[in-house]
Amino acid sequence: MADNMTLTPAAAKRIAWIAEKQTKPAILRLSVEGGGCSGFQYKFDLADGAESDDAVSETDGVKLLVDPISLDLVGGSVVDFVESLGGAAFKVENPNAAAGCGCGSSFGI
């Protein structure tokens, strides 16, 4: 299951930079919570380590962790880091999402 979650090199580089600034390991936890404009929203946190049931993916030495419940909603997704005139943000390209919203941090199934 872990291989179907992917961090792009751009996202891995940004996570490594943030982790270094906060003197934490380069481990990003992606989880899904109820809420947002479309029903579910993505939540990103730096983690100290993986839980025993986490799906783990690694890109350029940076780990992406997803808990089993969230994995049902985001399996097959690609986590990217994009910079534009509107700002910089992590973006989830989620093939399971049937609906999204303008802010890009919320989705529906």
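Select Ser-70 and show what surrounds it in this predicted model. Leaving aside neighbours within four places in sequence, Ser-70 is in contact with Leu-30, Ser-31 and Val-32. Colour the helix that holds Ser-70: this is H2, residues 68–74. Is Ser-70 buried or exposed? Its relative accessible area is 3%, and under 20% counts as buried, so Ser-70 is buried.

Next, select Gly-49. This residue sits in the loop between E3 and strand E4, the latter covering 55–59. Gly-49 has a relative accessible area of 29%, so Gly-49 is partly exposed. Which residues does Gly-49 touch, if those up to four places away in sequence are not counted? They are Ile-27, Arg-29 and Leu-65. Draw a distance from the C-alpha of Gly-49 to the C-alpha of Arg-29: the viewer should give 9.2 Å, for two residues that are 20 apart in sequence.

Now turn to the aromatic rings. Select Phe-44, Phe-81 and Phe-90, which ring pairs link into a cluster. The count of aromatic pairs is 2. Look at the pair formed by Phe-44 and Phe-90, whose ring centres are 5.5 Å apart. Why is this pair called tilted? Planes under 30 degrees apart count as stacked and over 60 as edge-to-face; the planes of Phe-44 and Phe-90 meet at 35°, so the pair is tilted. Phe-44 belongs to strand E3 (residues 40–46) and Phe-90 to strand E7 (residues 87–93). The pair links distant parts of the chain, as the two residues are 46 apart. Keep Phe-44 selected for one more value: with a relative accessible area of 26%, Phe-44 is partly exposed.

From Phe-90, move on to the sheet that includes E7. Show E1, E6 and E7 as a cartoon: these 3 strands form an open sheet in the order E1-E6-E7, with mixed pairing. Which strands are at the edges? They are E1 (6–7) and E7, each of which pairs on one side only.

Zoom in on E6, residues 78–84, and E7. How many bridges join E6 to E7? There are 7, and the two strands run antiparallel. To find one of the bridges, select Glu-83, whose partner in E7 is Ala-88.

For the last stop, add helix H1, residues 9–21, to the view. H1 lies across E1, E6 and E7. Turn the model until H1 and E6 can both be followed along their lengths; H1 runs at about 80° to E6.

Definitions and conventions
Residues are numbered from 1 along each chain as its sequence is written. This is a predicted model: local features need pLDDT of at least 70, side-chain atom pairs count only at pLDDT 80 or more; totals for chains, interfaces and linings use all residues. Side-chain values use heavy atoms; hydrogens and water are left out. Helices (H or I, at least four residues) and strands (E, at least two) are DSSP runs, numbered from the N terminus. Buried means under 20% relative accessible area, exposed over 50%, partly exposed in between (1.4 Å probe, protein chains only). Contact means heavy atoms within 4.5 Å. Rings of Phe, Tyr and Trp (its six-membered ring) pair if their centres lie within 6.5 Å; planes under 30 degrees apart count as stacked, over 60 as edge-to-face and the rest as tilted. Two strands pair if DSSP finds at least two bridges between them. Axes are lines fitted to C-alpha atoms, for helices over the stretch in contact, and angles run from 0 to 180 degrees between N-to-C directions.
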